[in-house]
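Trainee: Hi! I have a new structure open and I'd like to get to know it. Can you walk me through it?

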Amino acid sequence: MEEDERVKHSVSVIIPTYNRSAFLKEAVESVLAQSAGADEVIVVDDGSTDETPRVLEAFGPSVRSLRRENSGVSAARNAGIEAARGEWLAFLDSDDLWRPRKLEKQLAYLSVRPDIRICQVEEIWIRNGKRLNPKKHHTKPTGSCFAALLERCLVSPSGVMIHREVLKDVGLFDETLPACEDYDLWLRIGCRYAIGLVEEPLAVKRGGHPDQLSASVPMLDRYRIQALEKLLRSGVLTTEQQSLALDALGRKCAVYAAGCAKRGRQDVAAAILALPRKIQEAPSQGGDVL
């Protein structure tokens with residue numbers, strides 16, 4: 001029975017990284033310092049050209065290092081998922097940190113909530129070395145929260161723990177999306193699964209780096225629109241979810257179209273504004289508006 005329980009609650013930690021050797025050491029150390037240790041720690045080096053290999057070498061056998069050609073964060077996370085042996089998968093971005101009881105608290109939460117297959121923790125936000133207070137609209141959801149997830153990305157990769165069966169059900173990170181790949185995945189999960197929340201700040205999210213996707217990828221709403229269109233055409237949503245998603249798509253299309261119009265791209269703006277109606281009229285027909 002003890003062995004069965006150990007396998008049931010085995011945890012693989014997956015850390016994708018690219019040229020963040022200055023942060024990576026602290027990130028890995030925060031995982032190895034957990035009060036409830038992970039069964040394995042996998043760092044996927046996505047073709048780094050800095051000191052990342054040397055940083056990882058110093059950890060020895062306590063860390064599994066996978067090196068691959070640079071293919072983006074989604075491909076790196078997916079490579080870690082495919083290599084992982086644990087039943088539960090926890091992700092940590094290489095510039096973020098965990099507080100020492102993060103895994104312990106999540107496993108304790110899940111042990112009394114066997115119905116929950118995905119949960120996250122609250123976070124501490126640090127930007128450019130200063131602590132920020134999340135705004136009300138950043139409040140992390142709990143339970144059946146598909147409607148909230150439509151508005152913005154409210155699940156953090158660095159705070160989440162997912163049972164691998166969930167990803168077998170909904171699929172992995174979409175490697176075709178250069179940004180908003182997490183928003184896309186949480187929508188695919190949120191329309192099927194309730195999301196648990198440990199209401200303690202057990203992850204530290206450090207932002208403000210110039211290479212972050214939110215700073216380096218322009219007009220992120222286009223990728224949220226792509227994620228919504230894909231979901232709406234997937235046929236997995238209930239009638240109510242389809243209606244909610246169409247409403248959210250309409251709002252995001254209006255914002256994105258306004259930006260296109262300001263840049264003189266009137267044809268693109270018109271096509272974007274027409275997208276919700278086209279999906280409503282022919283949800284199973286694919287499109288290539290963006």
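Mentor: Happy to. Let's begin with charge: the protein chain has 40 positive and 41 negative charges, and their mean positions lie 5 Å apart. Keep in mind that this is a predicted model.

Trainee: Okay, and how many helices and strands are there in the protein chain?

Mentor: Twelve helices and nine strands.

Trainee: What radius of gyration does the protein chain have, and what would a compact globule have?

Mentor: The protein chain has 20 Å, and a compact globule of 290 residues would be near 19 Å, so the two agree. Along its principal axes, the C-alpha trace spans about 55 × 45 × 35 Å.

Trainee: What share of the residues is buried?

Mentor: Buried residues account for 50% of the 290. On the outside, the chain exposes about 14000 Å², and carbon and sulfur atoms supply 50% of that area.

Trainee: Switching to strands. Which residues of β4 are buried, and on which side?

Mentor: Strand β4 covers residues 88–91, and both of its faces are covered. Trp 88 and Ala 90 are buried on one side, while Leu 89 and Phe 91 are buried on the other.

Trainee: Does β4 pair with β1 in the parallel or the antiparallel sense?

Mentor: Parallel, over four bridges, with β1 being residues 11–17. In that pairing, Val 13 stands opposite Ala 90.

Trainee: And how many bridges join β4 to β8?

Mentor: Three, and here the strands run antiparallel; β8 is residues 160–163. Leu 89 of β4 stands opposite Ile 162 in β8.

Trainee: New topic: I clicked on Asp 45. Is Asp 45 buried or exposed?

Mentor: Buried, because its relative accessibility is 2%, and the cut-off for buried is under 20%. Asp 45 belongs to strand β2, residues 40–45.

Trainee: What is Asp 45 in contact with, beyond its neighbours in sequence?

Mentor: Leaving aside neighbours within four places, the contacts of Asp 45 include Thr 17, Thr 52, Pro 53 and Leu 56. Leu 66, Arg 67 and Arg 68 are in contact with Asp 45 too.

Trainee: What about Ala 58, buried or exposed?

Mentor: Ala 58 counts as exposed because its relative accessibility is 70%. You'll find Ala 58 in the loop between α3 (52–57) and β3 (64–67).

Trainee: How far is Ala 58 from Lys 25 in space?

Mentor: They are 9.3 Å apart, C-alpha to C-alpha, with their positions 33 residues apart in sequence. Across the chain, among contacts between residues at least 6 apart in sequence, 75% join residues at least 24 apart.

Methods. Residues numbered from 1 in each chain as written. Predicted model: local features only at pLDDT ≥ 70, side-chain atom pairs only at ≥ 80, totals over all residues. Heavy atoms only, no water. Buried < 20%, exposed > 50% of the residue type's maximum accessible area, 1.4 Å probe, protein only. Helix = DSSP H or I, 4+ residues; strand = E, 2+ residues; numbered from the N terminus. Pairing = 2+ DSSP bridges. Rg over C-alpha atoms; globule rule 2.2 N^0.38 Å. Contact = heavy atoms within 4.5 Å. Areas by Shrake-Rupley, 256 points an atom, 1.4 Å probe, with all protein chains shown as cover. Lys, Arg positive; Asp, Glu negative; His and termini not counted. Charge placed at Lys NZ, Arg CZ, Asp CG, Glu CD.
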